[in-house]
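Biologist: Could you take me through one part of this model in detail, the strands and the side-chain pairings that go with them? I'd like a connected story rather than a list.

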Amino acid sequence: MISIDHIAVWSDNLYRTTADLSRATGLGSADGGYFPALGLGQKLLSLGGHVYLEVESIVDHRMIAERAPMALELERQTANGDCFAGLCLRSDDLDEVAEFARHRGTTPTADIAGGKVRMVPAQGGAPSVHAPDFRNAWLLGKPNLYHVPDLANHSSLLAPQPGTGDVRGTGLTAIELGGTEAELKDWLGDVVAPADLGVDIAYNGGPDGLYAVTFGTTDGPRTLRLNPITPRS
């Protein structure tokens with residue numbers, strides 16, 4: 001079964017953006033860890049229903065000083081403010097990931113770009129098999145697909161740090177995407193229909209990317225709107 005797993009947000013300041021999101025939504029945040037080879041740090045905000053926001057920014061200043069490719073890309077993408085970087089799907093079936101990879105003309109990979117060090121080591125396990133990698137999906141404004149065999153240690157279940165927010169998410173309900181439904185169907189192929197992703201999808205006909213997410217909370221519905229990623233041509 002395929003559904004939405006998490007939504008990546010890119011920022012030029014991990015802490016500012018996380019605090020802003022908590023103030024805007026009431027949701028608390030947890031520390032997800034970091035990616036040593038990319039210089040990225042990560043904070044997580046659970047939307048409920050096993051879906052979460054993944055806030056990322058460069059935290060290793062050497063990457064910026066050395067003009068590493070990922071640092072340059074994130075700097076470019078956030079020049080006009082925070083942006084939605086990735087719409088990430090999950091499947092509990094490896095065959096579905098392999099089918100999607102074939103459709104996209106690639107092969108599944110188990111390597112997490114940059115590696116990952118979790119702040120809560122017991123949370124999660126081996127890297128998730130996925131296709132395509134973020135460079136061949138996110139930077140086109142398109143979703144990719146991860147293999148998540150079970151949800152027992154899902155990142156959405158991480159307890160928020162005390163004092164960061166008392167509101168709890170009750171589940172993602174709607175998203176707004178650029179492009180058209182036909183274009184998303186073409187990207188996904190036969191692996192899943194957009195209508196089967198479990199949320200309402202509005203298409204604005206603009207450049208590809210994610211523009212808004214709507215989710216329920218214990219304090220009522222919330223809609224978060226950010227810049228979409230700037231797709232590579």
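Modeller: Let's start with Asp31, which is partly exposed at a relative accessible area of 24%; keep in mind throughout that this is a predicted model. The cut-off for buried is under 20%, so Asp31 with its 24% doesn't count as buried. Lys43, on the other hand, is buried, with a relative accessible area of 7%. The two side chains meet in a salt bridge, with 3.7 Å from N to O. That pair ties together distant parts of the chain, since Asp31 belongs to strand 2 (residues 30-35) and Lys43 to strand 3 (residues 40-48), twelve residues apart. So here a partly exposed acid is matched with a buried lysine.

Follow Lys43 and you run into Glu54, because Lys43 is among the residues that Glu54 touches once sequence neighbours up to four places away are set aside. Glu54 is in strand 4 (residues 51-58) and counts as buried at 6% relative accessibility. Its other contacts include Gln42 and Leu44, which flank Lys43 in the numbering, as well as His6, Ile7, Ala8 and Val9. Trp138 is on the contact list of Glu54 too.

Trp138 brings us to the rings. The whole structure has two aromatic pairs. In one of them, Phe134 and Trp138 are tilted, with 5.6 Å centre to centre and 55° between the planes. Both partners are buried: Phe134 has a relative accessible area of 11%, and Trp138 has 4%. Ring pairs join Trp10 to these two, making a cluster of Trp10, Phe134 and Trp138.

Back to charges. Where else do acids and bases pair up? There are 13 salt bridges in the structure. Take Arg90 and Asp5, whose closest N and O atoms are 2.9 Å apart. This pair also spans distant parts of the chain: Arg90 lies in strand 5 (residues 83-91) and Asp5 in strand 1 (residues 2-10), 85 residues apart. Both ends are buried, because Arg90 comes in at 9% relative accessible area and Asp5 at 3%. Now set that beside Arg67 and Glu75, which also form a salt bridge, with 2.6 Å between the closest N and O atoms. Here both ends are partly exposed: Arg67 has a relative accessible area of 38%, and Glu75 has 40%. Salt bridges with shared partners also knit Asp12, Arg16, Asp20, Arg23 and Asp82 into one network.

Further along the chain, strand 8 (residues 169-177) deserves a slow look. Seven of its nine residues are buried, so the rest of the structure largely encloses strand 8. What does strand 8 pair with? With strand 10 it runs antiparallel, and seven bridges join the two. One of the residue pairs there is Leu177 with Leu210 of strand 10. With strand 9 the sense is parallel, over four bridges. In that pairing, Glu176 stands opposite Ala202 of strand 9. Strand 8, helix 5 (residues 181-188) and strand 9 also form a right-handed β-α-β unit.

Ile201 is a handy probe of that unit, as it is found in strand 9 (residues 200-203). Its C-alpha atom is 5.8 Å from that of Glu176, although the two residues are 25 apart along the chain. Beyond its neighbours within four places in sequence, Ile201 is in contact with Ile175, Leu177, Leu184 and Pro194.

For strand 10 (residues 210-217), look at Thr217, which sits in it. Thr217 is buried, at 9% relative accessibility. Its side chain comes within reach of the backbone oxygen of Gly220, at 2.5 Å. Not counting residues up to four places away in sequence, Thr217 touches Val167, Arg168, Gly169, Thr170 and Arg222. Gly169 is one of the contacts of Thr217, and residue 169 starts strand 8. That contact fits the antiparallel pairing of strand 8 with strand 10.

Terms used:
Residues numbered from 1 in each chain as written. Predicted model: local features only at pLDDT ≥ 70, side-chain atom pairs only at ≥ 80, totals over all residues. Heavy atoms only, no water. Contact = heavy atoms within 4.5 Å. Salt bridge = Lys/Arg side-chain N within 4 Å of Asp/Glu carboxyl O. Buried < 20%, exposed > 50% of the residue type's maximum accessible area, 1.4 Å probe, protein only. Polar contact = N/O pair within 3.5 Å; in protein donor to acceptor, adjacent residues only side chain to side chain. Pairing = 2+ DSSP bridges. Right-handed = clockwise from strand over helix to strand, strands pointing away. Phe/Tyr/Trp six-rings, centres within 6.5 Å; stacked < 30°, edge-to-face > 60°.
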